[in-house]
Amino acid sequence: MKKAFTLVEVMIVTAIISLLCIISFTAYNAIHKNNSVDNCEMTLRDIASGYQSYIIDYGKINLAATSSYETAVNNVLSVLNRYYFNDEVECTGIDESGYKSFEAKTKIKMDPWGNPYYLSVYTYDGEDSDNVVGLMVIHSNGPDGVSSADTYSESKCGDDVIAIVKPNN
């Protein structure tokens with residue numbers, strides 16, 4: 001008499017293989033998600049490193065008093081793009097009221113979720129210890145592509161990935 005597998009044995013083996021596939025697929029997705037966040041953090045560190053090199057070379061955000069704020073910002077971005085950043089950034093907004101600041105985003109390099117990296121640089125001459133001249137917040141809006149907060153802190157950034165650079169004054 002020939003020996004053969006019974007239907008129950010085949011179903012049990014199929015169920016075990018299916019379960020192993022589901023477990024490995026779940027683990028792969030978690031690794032892929034963590035890899036995306038790590039890749040994003042690496043790019044933020046590269047941008048932060050370029051900005052810190054600029055601060056070391058110039059001592060501060062170099063805003064010439066003889067030109068308009070917009071011209072000065074464009075000059076600073078030109079120097080950052082030419083010598084310090086691996087990817088070109090473009091100015092997306094300038095705020096000259098109260099605390100002077102400007103916003104920029106990357107032109108070519110996108111985060112792992114297909115969105116640009118955003119930079120916020122605060123150039124005001126604050127009088128209290130919280131107003132750090134040259135403070136830069138670099139962030140990615142994360143997987144959902146939507147910014148999670150108006151002001152970033154370590155505890156309130158949602159799925160956004162952020163880096164905060166405080167120059168030594």
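Start by selecting asparagine 81: leaving aside its neighbours within four places in sequence, it is in contact (heavy atoms within 4.5 Å) with Asp87, Glu88 and Val89. Before going on, note that this is a predicted model, where local features need pLDDT of at least 70 and side-chain atom pairs count only at pLDDT 80 or more, while totals for chains, interfaces and linings use all residues. Residues are numbered from 1 along each chain as its sequence is written, and side-chain values use heavy atoms, with hydrogens and water left out.

**Around asparagine 81**

Asparagine 81 sits in helix H2 (residues 69–84); helices (H or I, at least four residues) and strands (E, at least two) are DSSP runs, numbered from the N terminus. Is asparagine 81 buried or exposed? Its relative accessible area is 18%, so asparagine 81 is buried. The scale here is under 20% relative accessible area for buried, over 50% for exposed and partly exposed in between, with a 1.4 Å probe and protein chains only. Now add valine 89 to the selection: its backbone nitrogen lies 2.8 Å from a polar atom of the asparagine 81 side chain.

**On to glutamate 88 and lysine 107**

Keep Glu88, one of the contacts of asparagine 81, and select lysine 107 as well. These two form a salt bridge, with the closest N and O atoms 3.6 Å apart. The term covers a side-chain nitrogen of Lys or Arg within 4 Å of a carboxyl oxygen of Asp or Glu. A search of the whole structure finds one such bridge. Lysine 107 is in strand E2 (residues 101–110) and glutamate 88 in the loop between H2 and strand E1 (89–95), so the pair ties together parts 19 residues apart in sequence. Both ends are partly exposed: lysine 107 has 41% relative accessibility, and glutamate 88 has 38%.

**The tyrosines**

Next, show the side chains of Tyr54, Tyr58 and Tyr84, which form one aromatic cluster. How many aromatic pairs does the structure hold? There are two. Tyrosine 54 and tyrosine 58 make a stacked one, at 4.6 Å centre to centre and 25 degrees between the planes. For reference, rings of Phe, Tyr and Trp (its six-membered ring) pair if their centres lie within 6.5 Å; planes under 30 degrees apart count as stacked, over 60 as edge-to-face and the rest as tilted. Both residues of the stacked pair are in helix H1, four residues apart, about one turn of the helix. Tyrosine 54 is buried at 2% relative accessibility, whereas tyrosine 58 is partly exposed at 38%.

Swing round to tyrosine 84, which pairs edge-to-face with tyrosine 54: 5.6 Å centre to centre, 85 degrees between the planes. This pair links distant parts of the chain, with tyrosine 54 in helix H1 and tyrosine 84 in helix H2, 30 residues apart. Tyrosine 84 is buried too, like tyrosine 54.

**Out to the surface**

Follow helix H1 (residues 7–58) to leucine 20, which is exposed with a relative accessible area of 54%. Add Val8, Ile12 and Ile16, and you have a nonpolar surface patch that, with Leu20, has about 390 Å² of accessible area. Patches take residues with over 30% relative accessible area and no salt bridge, joining like charges within 9 Å and nonpolar side chains (Val, Leu, Ile, Met, Phe, Trp, Tyr) within 5 Å. Areas come from the Shrake-Rupley method with a 1.4 Å probe; for residues, only the protein chains shown count as cover.

**Zoom out**

Finally, color by element: two helices and five strands, running α-α-β-β-β-β-β from the N terminus. Buried residues make up 33% of the 169 residues.

Technical notes. Polar contact = N/O pair within 3.5 Å; in protein donor to acceptor, adjacent residues only side chain to side chain.
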